[in-house]
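I set out to record how the parts of this chain meet and which charged side chains pair. The entries below follow the order in which I looked things up.

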Amino acid sequence: MSQTQIATRPDWRLEIQRAYTNPELLLTNLGLEPAQFHADCKARALFPMRVPRPFVELMQQGNRDDPLLLQVLPRSQEFDQAEGYTDDPLGEVSDNVLTDEVDGLLHKYRSRVLLILKGGCAVNCRYCFRRHFPYQDIRFNQRQLQQTLDYLSSHPEVNEVILSGGDPLMASDAQLKSIIEQLASVATLKRIRIHSRLPVVIPSRLTRQLKELLVSTRLKPILVIHANHGNELSDTLEQHLDDYNQAGILLLNQSVLLAGINDSSSALSSLSERLFAANVLPYYLHQLDKVTGAAHFEVSDYRAQQIWQEMNQALPGFLVPKLVREVAGEHSKTPIMPPGPVSIT
Ligand SMILES: *Cc1c(COP(=O)(O)O)cnc(C)c1O
Ligand code: SF4
């Protein structure tokens, strides 16, 4: 696709407004019969459906098992109650970690803090632990930023700020510029990291302004995108990522291991290869957070380790993401490893 075609794509904000929110309409446009999904569509009452069009364009017509569709389509299984699944699997609400010291700042890991910039996302992923999280309308304001700067000044062990959400790229480039410039004034910070799924669902979110503001700060920029399947890496996205990579922005990807979507070594290996072709390295492969309504996506730890070992055999080490789970109260992500040098095969 040429530069001019990229330029004529609607503005990313328009794509957010134009996102599909009606499951029947999405199914019809994919050549599927909505009546067959009648029971499923009701699950939008649990968590609204939201799917930007560029992501829909990557789905296969007529395929009811499409790996992209299954990540975003409400399903009747979301009504199932499963043991061990709760509304707040990471204890973020109950521990009050969000509100204790500074609103919107999570300091769980020693050297880095996470800022909740925006509650909302461009896409609603059905497996997401935030489906019950009560901060849809969060907006990070100047008062919180000032408190964050004060907090960072008294915590010199923090050298990296992660902008997260929801999706931090729901913020405008002007807001991001102001936040990053102020963060850069904290001498102990070295890195700025953005965790976002937006580039995958709306590639045009990777604007030139965002690139320029990321490369003009003294902080080392890292962009962690979130793709779960190779089909999510469009040529358009690859071009934008290439541009960011050439500007000197480190590009990483995190995925969630999802039953029926990417739970095979072959699916994940082709994802890694697609990522590498787009100058992105796989970073984490997460085990699902046990959030109510997502149990049908679960892959057992045993199976996860098996897939991970198969990936090690199929790929160079730098294309194998770390297999981890987030455990409430732990001081890092927890690796899911066999208990020794044992072979599962
Ligand atoms: C995942 C996470 C991080 C980042 O962890 P890395 O291992 O550095 O990628 C930081 N803070 C919180 C609260 C997190 O959940
Ligand atoms: S936080 Fe990430 S995984 Fe969750 S709904 Fe938003 S984009 Fe999807």
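**Entry 1. A charged pair in domain 1.** I began with Glu15, which is buried at a relative accessible area of 1%. The model is a predicted one, and I read every value below as computed from it. I then looked for a partner and found that Glu15 forms a salt bridge with Arg18, with 3.3 Å between the closest N and O atoms. Arg18 has a relative accessible area of 34% and is partly exposed. Because the limit for buried is under 20%, I entered Glu15 as buried at 1% and Arg18, at 34%, as partly exposed.

**Entry 2. The pair Glu78 and Arg131.** I next asked which parts of the chain the pair of Glu78 and Arg131 ties together. Glu78 sits in the loop between α6 and β1 (105-109), while Arg131 sits in the loop between β2 (112-118) and α7 (142-153), so the pair joins parts that are 53 residues apart in sequence. Their side chains meet in a salt bridge at 3.0 Å, N to O. Glu78 is buried, with a relative accessible area of 3%, and Arg131 also counts as buried, at 4% relative accessibility. I noted further that Glu78, Arg126 and Arg131 are linked in a network of salt bridges.

**Entry 3. Other salt bridges.** I counted 16 salt bridges by the rule applied. Among them is the one between Lys333 and Glu326, whose side chains meet at 3.3 Å, N to O. Both Lys333 and Glu326 are buried. I keep in mind that side chains of opposite charge can pair when their charged atoms come close.

**Entry 4. Two domains.** I then turned to the division of the chain, which gives domain 1 (3-79) and domain 2 (105-335). The C-alpha centres of the two domains lie 22 Å apart. How many residues of each domain are in contact with the other? I found 28 residues of domain 1 in contact with 34 residues of domain 2.

**Entry 5. Area buried between the domains.** The size of an interface is often given as the accessible area lost when the parts come together. I recorded about 2700 Å² buried between domain 1 and domain 2, with carbon and sulfur atoms giving 62% of this area. On the side of domain 1, Trp12, Phe47 and Gln71 lose the most area to domain 2, and together they account for 30% of what that side buries.

**Entry 6. Polar and charged links across the interface.** I looked up the salt bridges between domain 1 and domain 2 and found two. The rule for polar contacts finds eleven residue pairs across this interface, with both residues at pLDDT 80 or more. I then asked which helices supply the side of domain 1 that touches domain 2. At least two residues each come from α2 (12-17), α5 (53-56) and α6 (69-72). Helix α2 gives the most to that side, with four residues. By type, the residues of this side of domain 1 divide into 19 nonpolar, three polar and six charged.

**Entry 7. Ser265.** My last search concerned Ser265, which lies in helix α12 (residues 265-277). Is Ser265 buried or exposed? Ser265 counts as buried, at 10% relative accessibility. Leaving out residues up to four places away in sequence, I found that Ser265 touches Ile307, Glu310 and Met311.

Methods: Residues are numbered from 1 along each chain as its sequence is written. Chains are lettered from A and ligands numbered from 1 in the order in which they are written. This is a predicted model: local features need pLDDT of at least 70, side-chain atom pairs count only at pLDDT 80 or more; totals for chains, interfaces and linings use all residues. Side-chain values use heavy atoms; hydrogens and water are left out. Domain bounds come from an automatic or database domain assignment. Contact means heavy atoms within 4.5 Å. Buried area is the accessible area (1.4 Å probe) that two parts lose on being put together, summed over both. A salt bridge is a side-chain nitrogen of Lys or Arg within 4 Å of a carboxyl oxygen of Asp or Glu. A polar contact is a pair of N or O atoms within 3.5 Å; within protein, one must be able to donate a hydrogen and the other to accept it, and residues adjacent in sequence count only if both atoms are side-chain atoms. Ala, Val, Leu, Ile, Met, Phe, Trp, Tyr, Cys and Pro count as nonpolar, Asp, Glu, Lys and Arg as charged, and the others, Gly among them, as polar. Buried means under 20% relative accessible area, exposed over 50%, partly exposed in between (1.4 Å probe, protein chains only).
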